[in-house]
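Here is a briefing on the chain shown below. Short notes follow, grouped by topic.

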Amino acid sequence: MNYNKYAAEPFRIKSVEYVEMTTQKQREERMQQAGYNTFLLDSKDVYIDLLTDSGTNAMSDNQWAGIMHGDEAYAGSRNWYHLEKTVQELFGFKYVVPTHQGRGAENLLSTIAIKPGQYVPGNMYFTTTRYHQEANGGIFRDVIVDAAHDSTANIPFKGNVDLAKLEALIAEVGAEQIAYVCVAITCNLAGGQPVSMQNLREVSALCRKHNILLFMDATRCVENAYFIKEQEAGYEQTSVKDIVREQFSYADGCTMSGKKDCLTNIGGFLCMNDENLFQEAKELVVVFEGMPSYGGMAGRDMEAMARGLQESVQDEYIKYRIEHVRYLGDRLLEAGVPIVEPIGGHAVFLDAHRFCPHLKQNELPAQSLAAHLYIASGVRSMERGIVSAGRDPNTGHEHVPKLETVRLTIPRRVYTYKHLDVVADAVIHLYNNRNQIRGLKWVYEPKRLRFFTGRFELM
Ligand SMILES: *Cc1c(COP(=O)(O)O)cnc(C)c1O
């Protein structure tokens, strides 16, 4: 392997946080107490935490300095104006509404833009996004390209919208029955797969032709931009900053979880260009989040986000970020471990169907694989398969996704390449002993977003 293929860290480390080591016997007990759900483990019992890249970012000295510049006034904080200006400059939207995190923005958008019975097409679903759409009477339709559901289809831009599927939906239900189109850049559940600029342009043209609004889920828009720079003809010389801005030029607005690409630990916002929608969002934000000049965030958090956003679009940083994740994926591929290909932006996804062919999907192979990985190594990951997919709110039937995956999500600027070696070695060890992985069955199934707090036992 050519180790120079992977960019080194463009930073040095000024502060460290010690983590506790546990024995396999302790981890067996902890996993059982946690109902075989990695969400229910205590952080102190985890050695390398790859549960999520959400809110787990390491902030820079510049961001920590910004924390001290927090203006905690109830209204009109200077940090809000800094954040608003930064978002307007980087994203190009006219109006910004702050929220406590991404789902706060999803709640606002779904409430103001969906009439009950309207459709909301998207490129594969995201858990909280679809929840808010459905809670507001929307009907979600998946319009992602077929290849996204195939973990072995190693083609670029697997997050793309299938234009034929979108056109067919418009023809079927009529443009006025579509609340808006929601395109996630990148597509988390497909494996952090990016959407190409050409696809964004085409989706936008189709939406404009039919007078349908296009909103983006901007959560990992900088990672998406890097893939465009790396893999889409014509963008090699364009800065990631300019690519980010061009992406959003095709949309009417976006929702943003500040906990991912913004390099902070909390926060979010909603953007739009339409003044009427903005008025409605501003009226609603005071009900759910807080004043339109903080939306659930402390002044210091808004300052950290404004600074984090500027750092996130630096070409050197984002190149390192993507190649760091790719290093883990490449190590697993070399050992023959089945993962979702190509390797996405924020995570490596183990393909639990191929990892545990002896388990049927109703034996919850990904949930079980995540539990066994923790027991074997102290590495915490997350299920993204049938448990996360949940049930149809109308019929009560389980959604049965084609992809049954375990997500090894890499926090930004937190772990070294050596940490990733520990993870790779643990996964490879587990793969070589995969026959010992037993299935799980439900003990407690929550009615909403069941993966967060559901409990299981070994079969
Ligand atoms: C995390 C995430 C969200 C929700 O954001 P929160 O900040 O967790 O509320 C929405 N969409 C995608 C794609 C995400 O990954």
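R354 sits in helix α13, which spans residues 352-355. The model is a predicted one. In this model R354 is partly exposed, because its relative accessibility of 34% falls between the 20% and 50% limits.

**Around R354**

- Leaving out neighbours within four places in sequence, R354 is in contact with S151, T152, P338 and I339.
- With S151 there is a polar contact between side chains, at 3.1 Å.
- P365 lies 11 residues from R354 along the chain, and 9.8 Å separate their C-alpha atoms.

**Domains**

- The domain assignment splits the chain into domain 1 (3-53 + 315-458) and domain 2 (61-312).
- Taken over C-alpha atoms, the centres of domain 1 and domain 2 are 25 Å apart.
- The contact between them involves 36 residues of domain 1 and 42 residues of domain 2.

**Nonpolar cores**

- The largest nonpolar core holds 97 residues. Those touching the most other members are F91, F248, F269, L332, L350 and F355.
- Nine residues of this core come from helix α16 (residues 417-432), which gives the most.
- Both domains take part: domain 1 and domain 2 each contribute at least three residues to this core.
- A separate core has 20 residues, including A105, V120, L270 and L284.
- What does F355 touch, leaving aside its neighbours within four places in sequence? The contacts of F355 are V337, P338, L350, L369, V427, L430, Y431, R434 and I437.
- P338 appears in the contact list of F355, and also in that of R354.

**Ligand site**

- The ligand is surrounded by 14 residues. The closest are G102, R103, D217, S257 and K260.
- Which helix gives the most to the shell around the ligand? Helix α4 does, with three residues.
- Helices α4 (102-113) and α5 (127-135) each supply at least two residues of the shell.
- Three side chains place an N or O atom by a ligand oxygen. For Q101 the distance is 2.9 Å. For R103 a polar side-chain atom lies 2.7 Å from an oxygen atom of the ligand. For S257 the distance is 2.6 Å.
- How much of the ligand's accessible area does the protein cover? The cover is 96% of the 370 Å² that the ligand has on its own.

**The loop between β4 and α6**

- N160 lies in the loop between β4 (139-142) and α6 (163-173). F157 is placed in the loop between β4 and α6 as well.
- Is N160 buried or exposed? N160 is buried, because its relative accessible area of 14% is under the 20% limit.
- Not counting residues up to four places away in sequence, N160 touches V143, I144, V145, P194, V195, S196 and N199.
- F157 is also buried, because its relative accessible area is 9%, under the 20% limit.
- The phi of F157 is positive, about 55 degrees, although F157 is not a glycine.

**Other backbone notes**

- Most residues other than glycine have a negative phi, and most peptide bonds are trans. The cases below depart from that pattern, as does the positive phi of F157.
- L449 has a positive phi near 35 degrees and is not a glycine. L449 lies in the loop between β13 (440-444) and β14 (455-458).
- Why does L449 count as partly exposed? Its relative accessible area is 26%, so L449 falls between the 20% and 50% limits.
- I185 and T186 are joined by a cis peptide bond, with omega about -10 degrees. T186 is in the loop between β5 (181-184) and α7 (197-209).
- A cis peptide bond also runs from E341 to P342, with omega near -10 degrees. P342 is in the loop between α12 (315-334) and β9 (347-351).

Conventions. Residues numbered from 1 in each chain as written. Predicted model: local features only at pLDDT ≥ 70, side-chain atom pairs only at ≥ 80, totals over all residues. Heavy atoms only, no water. Core = buried A, V, L, I, M, F, W, Y, C linked by side-chain atoms within 4.5 Å. Buried < 20%, exposed > 50% of the residue type's maximum accessible area, 1.4 Å probe, protein only. Helix = DSSP H or I, 4+ residues; strand = E, 2+ residues; numbered from the N terminus. Domains from an automatic or database assignment. Contact = heavy atoms within 4.5 Å. Near = heavy atom within 4 Å. Polar contact = N/O pair within 3.5 Å; in protein donor to acceptor, adjacent residues only side chain to side chain. Areas by Shrake-Rupley, 256 points an atom, 1.4 Å probe, with all protein chains shown as cover.
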